[in-house]
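Let's take a walk through this protein together. Keep the sequence and the 3D view open while you read.

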Amino acid sequence: MMVGGELVLAAVVILLALLLTLVLSHFLPLLLNPKAPKGSFGWPLLGETLRFLKPHASNTLGSFLEDHCSRYGKVFKSHLFCTPTIVSCDQELNHFILQNEERLFQCSYPRPIHGILGKSSMLVVLGEDHKRLRNLALALVTSTKLKPSYLGDIEKIALHIVGSWHGKSKDKGRVNVIAFCEEARKFAFSVIVKQVLGLSPEEPVTAKILEDFLAFMKGLISFPLYIPGTPYAKAVQARERISRTVKGIIQERRNAGSSNKGDFLDVLLSSNELSDEEKVSFVLDSLLGGYETTSLLISMVVYFLGQSVQDLELVKREHEGIKSKKEKGEFLSSEDYKKMEYTQHVINEALRCGNIVKFVHRKALKDVRYKEYLIPSGWKVLPVFSAVHLNPLLHGNAQQFQPCRWEGASQGTSKKFTPFGGGPRLCPGSELAKVEAAFFLHHLVLNYRWRIDGDDIPMAYPYVEFQRGLPIEIEPLCSES
């Protein structure tokens, strides 16, 4: 009996020691860094992560940020993702963080993200490796924008998607109902696989990549638990299958000796700077960026225009003017894109209101003093872009969709507008996403009128999505493009 009692006592002591260690490790950074910004750490282990990630409409701050900003100010400390964290909702500090990448701050995504994206992903690599990959991405994007075939591919795919809606009915009389997010994803994926791998939508390998890619995307926003059958485990497995498929395509190209497809993969294969693993990761990064960001942007534009008759009419008039100067069957050009000025205002406003990228993960490399703030070395730093986009002092009537606010304003990234990040990690494909959205919108507004079917809003989980897939009622116009 004594032995059993001693074992129980030992177990209790060990448990208490573990709890004490947990509590101390959680709150010790508070004691060691008394000059850090005000804030709270929440409960040991969990911290305030669950409250921070609580879903909310993406054109709002959410209750966590609203509460903490009102209590502690625009810069505060918290305990998020199992780490002491400085959260910045201040445009000047956000800009400072982004511009000092690799000097004072470093990209620092949670470890499970690395497990899905892979160690060679441009999203997680650091220093010279990131610079090398990003320079290649910028070169590819620049060369792609100059190709007439790229714009032609976008338009052909847009026409195919929009044309496929005729006759799609779901028991609502003569009105067609479509799940728009799904259609936007079809368009974005078809464009990006053509651009990166030279594949057309009807090829069997495209369907295979899409199936695996959907499993990959579900796991990217899931709880990071690697147990067979969980979305996270399925995502890791899906990435491995996509890698094998891409490696097979690479080997086919090499066996053929040469290729004149002119896609990203041709350029990658001609480069001796990257290993095969880096080339596969680069392809996956391109698919991820071109698929999710672009499809969400198009969905946001359709959502906000569906609620603003006046702005929709202005966009329609702009595209009717462009169409009137084109020969029948003539494709859009880069000059036509430059004429889509109000469309650009709409796209920028959809990015500002929709907040596709709410925040990014960084880590302080040393103690950083910025104005009155001290950011301790090793702490996670989260610059929150949505807080700046929705700041009424920076954007009048900030929660209202008002594309006219962009008239006469800079159309690019600025301190108060960072939809694609900033600094050395500014998304290299941001302009391509805008081109694709504008071309798709051209054929949408000239062929259909639409309205949102029911109540569906973009929600931040923190990744943004429409809960019901944005169902819209569409009705063909008499005049077609």
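## Around Trp165

Skip the neighbours within four places in sequence, and Trp165 is in contact with Asn176, Ile178, Phe180, Glu183, Phe440, Leu444, Tyr448 and Ile474. Contact here means heavy atoms within 4.5 Å.

A quick word on where this comes from: the model is predicted, so local features need pLDDT of at least 70 and side-chain atom pairs count only at pLDDT 80 or more, while totals for chains, interfaces and linings use all residues. Residues are numbered from 1 along each chain as its sequence is written, and side-chain values use heavy atoms, with hydrogens and water left out.

## The nonpolar cores

Which residues touch the most other members of the largest nonpolar core? They are Trp165, Phe180 and Phe440, out of 61 residues in that core. Helix H17 (residues 430-447) gives the most to this core, with eleven residues. Two domains also chip in: the core draws at least three residues from each of domain 1 (34-113 + 358-418) and domain 2 (120-354 + 422-480). Those bounds come from an automatic or database domain assignment.

There is a second, separate core of 40 residues, including Val124, Leu136, Phe216 and Ile250. By definition, a nonpolar core is a set of buried Ala, Val, Leu, Ile, Met, Phe, Trp, Tyr and Cys residues joined through side-chain atoms within 4.5 Å. Buried means under 20% relative accessible area, exposed over 50%, and partly exposed in between (1.4 Å probe, protein chains only).

## Rings that meet

The protein has 23 aromatic pairs. Rings of Phe, Tyr and Trp (its six-membered ring) pair if their centres lie within 6.5 Å; planes under 30 degrees apart count as stacked, over 60 as edge-to-face and the rest as tilted. Phe52 and Phe64 have ring centres 5.5 Å apart and planes at 85°, so this pair is edge-to-face. Phe52 sits in helix H2 (residues 49-52) and Phe64 in helix H3, so the pair ties together parts twelve residues apart in sequence. Both Phe52 and Phe64 are buried, and they form one aromatic cluster with Tyr72, Phe76, Phe81 and Phe359.

Why is the pair of Phe180 and Phe440 called edge-to-face? Their ring centres are 6.0 Å apart and their planes are at 70°, so that label fits. This pair links distant parts of the chain, with Phe180 in helix H8 (residues 180-197) and Phe440 in helix H17, 260 residues apart. Phe180 counts as buried because its relative accessibility is 0%, and Phe440 is buried too, with a relative accessible area of 1%.

## A five-stranded sheet

Now for an open sheet of five strands, ordered E2-E3-E9-E6-E4, with mixed pairing. Its edge strands, E2 (75-80) and E4 (105-107), each pair on one side only. Strands pair if DSSP finds at least two bridges between them. E4 and strand E6 (residues 362-364) pair in the antiparallel sense over three bridges, and Gln106 has Lys363 in E6 as its bridge partner.

Helix H3 (residues 63-72) packs on the sheet, touching E2 and strand E3 (83-88).

## The whole protein

How many helices and strands are there in the protein? There are 17 helices and 13 strands; helices (H or I, at least four residues) and strands (E, at least two) are DSSP runs, numbered from the N terminus. Buried residues make up 51% of the 481 residues.

Notes
Axes are lines fitted to C-alpha atoms, for helices over the stretch in contact, and angles run from 0 to 180 degrees between N-to-C directions.
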